[in-house]
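Here is a short tour of one protein chain, written for someone who likes to know the cut-offs behind each number. Please keep the viewer open as you read.

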Amino acid sequence: MYDIKDINLYESGEHKIDWVRKNCPLLRSLEEDFSKDKPLEGVRIALSVHLEAKTAYLCKVLKAGGAEMYVTGSNPLTTQDDVAAALAHDGLNVFAHYGCTMEDYDRYIKMVLDNNCNIIIDDGGDLVTMLHTSMRDKLQYVVGGCEETTTGIIRLQGMAKEDKLEFPMVMVNDADCKHLFDNRYGTGQSVWDGINRTTNLIVAGKRVVVAGYGWCGKGTAMRAKGLGAKVIVTEVDPVKAIEAVMDGFEVMTMAEAAKVGDFFVTVTGCSGVITGEHMKLMKDGAILCNAGHFDVEIDMAFLKENALSTIDQRHNIVGYEVTPGKFLYVLGEGRLVNLACGDGHPAEIMDMSFAIQALSAKYLLEHKDDITDKLIVVPREVDLEVANRKLSFLGIEIDTLTEEQRAYLNM
């Protein structure tokens, strides 16, 4: 089953996936291992991740392991139709298309979950949320799942705290080989790729306001600095604010930053980060975008309700006239700028993150009778396997502890 606009797009998608495969040696090695061992034989996997070429290759790796794949996107603006068509052409069950309505988005999630899936691979928590609300009859088939994002883990932690999480979830985002590289270097590069290709404006000399200084915010600020921007960080965490200061950035409140910023990038995982009151303070021509999972960080409702006029300035750029003659410009409707306006993280980065996903799914199946906790840290051996494989593919060798050194450290 597939639900895309044009199945004949598949050749373009296949070329994209092949490019990813050539640049993802970790996943390529897992594909070879999975093809031989079939660790996922007979398992039904529901996957909701931004549906582009790197995700598609993860799906093919899981299929090589024997899994029956049911795939949808995790955002209406991040599905690439040619990639979705390529997966459908290859026999995977795909329910997605670019620019779908929110009603269709929810319908596709339901269509995926209707297939009594055993493993859930989620990005933001929409699959898990629907299973625990309107599709509880499908919980009986679930062994466990994996969550890719900070936002999704926050949602899972809330469910677990209220004792409402019905099956174990591996917190993939918290693995060292995920957040230290994907969140920092992947987000940092892909955010500015999305901004630059969409606006075609220079960054050097501009004031860039980065809201949030977690790993994603660190990467976004670092890359802005590398492009020559004067970077301002806003934070609610005093420790992270001090980090930003010592990393060489200005730190101020959003109310102060709003007066001087040229580019604004929200990357907090929270809501209401840039409000209507902040927008009133911004100068004409300020550019706003979001790199958090959901489109709740920028108050889009305020803009839509109060704008005197709007203009589709360029593809993925809408201008809102907030006072006579003053326009603020929003990229990608306030959705994830690196995916709504770009191709997402570099292939080599997602190679590590998706290797963690694949091995975590395998771990859940191998240990399903032993797992008692609902929130599971990625096992250290999985993290280390990914790190060692990555070093090997980079042609790098490192030292190992001697027995004497191990004894000394364990005293």
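The report goes from the whole chain to a few individual residues.

**Ground rules**

This is a predicted model, in which local features need pLDDT of at least 70 and side-chain atom pairs count only at pLDDT 80 or more, while totals for chains, interfaces and linings use all residues. Residues are numbered from 1 along each chain as its sequence is written, and side-chain values use heavy atoms, with hydrogens and water left out.

**The chain as a whole**

You will find 17 helices and 16 strands here; these are DSSP runs numbered from the N terminus, with helices being H or I of at least four residues and strands E of at least two. The C-alpha trace spans about 65 × 60 × 45 Å along its principal axes. For 411 residues, a compact globule would have a radius of gyration near 22 Å, and the chain agrees with its 22 Å. That radius is taken over C-alpha atoms, and the globule rule is 2.2 Å times the number of residues to the power 0.38.

Of the 411 residues, 55% count as buried. Buried means under 20% relative accessible area, exposed means over 50%, and partly exposed lies in between, with a 1.4 Å probe and protein chains only. The exposed surface of the chain comes to about 18100 Å², of which carbon and sulfur atoms supply 51%; the areas come from the Shrake-Rupley method with a 1.4 Å probe, and for residues only the protein chains shown count as cover.

Contacts, meaning heavy atoms within 4.5 Å, often link distant parts of the sequence: among those between residues at least 6 apart, 70% join residues at least 24 apart.

**A contact across the sequence**

Leu 165 offers an example to look at. Leu 165 sits in the loop between α7 (150-161) and β7 (169-171) and is buried, at 4% relative accessible area. Its C-alpha atom is separated by 6.8 Å from that of Lys 374, although the two residues are 209 apart along the chain. Beyond neighbours within four places in sequence, the contacts of Leu 165 include Val 128, His 132, Met 159, Lys 374 and Leu 375.

His 179, found in helix α8, is buried too, with a relative accessible area of 13%. Not counting residues up to four places away in sequence, His 179 touches Asn 173, Asp 174, Arg 184 and Trp 215.

**Positive phi in two loops**

Lys 38 has phi near 50 degrees, a positive value in a residue other than glycine. Its place is the loop between α2 (25-37) and β2 (44-48), and at 34% relative accessibility Lys 38 counts as partly exposed. Asn 200 also has a positive phi, near 55 degrees, and lies in the loop between α8 (176-199) and β8 (207-211). Asn 200 is exposed, at 61%.

**Cysteines without a bond**

How many disulfides does a search of the whole structure find? The search finds 0, where a disulfide is a pair of cysteine sulfur atoms within 2.5 Å. Two cysteines show sulfur distances too far for a bond:

| Cysteine | Closest cysteine sulfur | Sulfur distance | Relative accessible area |
|---|---|---|---|
| Cys 270 | in Cys 216 | 14 Å | 46%, partly exposed |
| Cys 341 | in Cys 289 | 7.8 Å | 5%, buried |
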